[in-house]
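Colleague: Could you walk me through the salt bridges in this model? I would like to go pair by pair.

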Amino acid sequence: MNQADQNPTSLDDAPTTFEALGVAPDLIAALREQGIEAPFAIQRLTIADALEGRDVCGKAKTGSGKTLAFGIPLLQRIEKAEPRRPRGLVL
């Protein structure tokens with residue numbers, strides 16, 4: 001059992017940049033255009049796993065970055081949708 005398994009909310013070893021999390025350069029550029037330079041805690045804990053195709057579940061306060069924590073991997077992984085044929089779902 002590694003340290004992350006023992007303490008899944010530990011940020012000690014979590015990547016501190018979107019690049020280190022595996023986010024695509026075009027998405028990083030779009031984030032920077034919006035003034036977003038570094039991931040929040042919930043994003044550091046979820047983005048890499050979501051990009052690998054793992055299911056993620058996160059609970060955090062309003063304004064903590066959950067939308068981007070789930071939205072960035074969704075945008076990076078899905079293909080363009082066709083009319084009446086969605087490719088992703090956020091619950």
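Modeller: Happily! This is a predicted model, where local features need pLDDT of at least 70, side-chain atom pairs count only at pLDDT 80 or more, and totals for chains, interfaces and linings use all residues. Residues are numbered from 1 along each chain as its sequence is written, and side-chain values use heavy atoms, with hydrogens and water left out.

Colleague: How many salt bridges does a search of the whole structure find?

Modeller: A salt bridge here is a side-chain nitrogen of Lys or Arg within 4 Å of a carboxyl oxygen of Asp or Glu. With that criterion, the count over the whole structure is four.

Colleague: Which parts does the pair of Glu19 and Arg32 tie together?

Modeller: The closest N and O atoms of Glu19 and Arg32 are 2.6 Å apart. The two residues are 13 apart in sequence, so their salt bridge ties together helix H2 (residues 18–21) and helix H3 (residues 25–33). Helices are DSSP runs of H or I with at least four residues, numbered from the N terminus. Glu19 lies in H2 and Arg32 in H3.

Colleague: Which residues are linked with Arg32 in a network of salt bridges?

Modeller: Glu37 also forms a salt bridge with Arg32, at 3.4 Å between the closest N and O atoms. The network with Arg32 therefore links Glu19 and Glu37.

Colleague: What is the relative accessibility of Arg54, which meets Asp49 in a salt bridge?

Modeller: Their N to O distance is 2.9 Å. Asp49 is partly exposed at 31%, a class between buried (under 20% relative accessible area) and exposed (over 50%), using a 1.4 Å probe and protein chains only. Arg54 is also partly exposed, and its relative accessibility is 47%.
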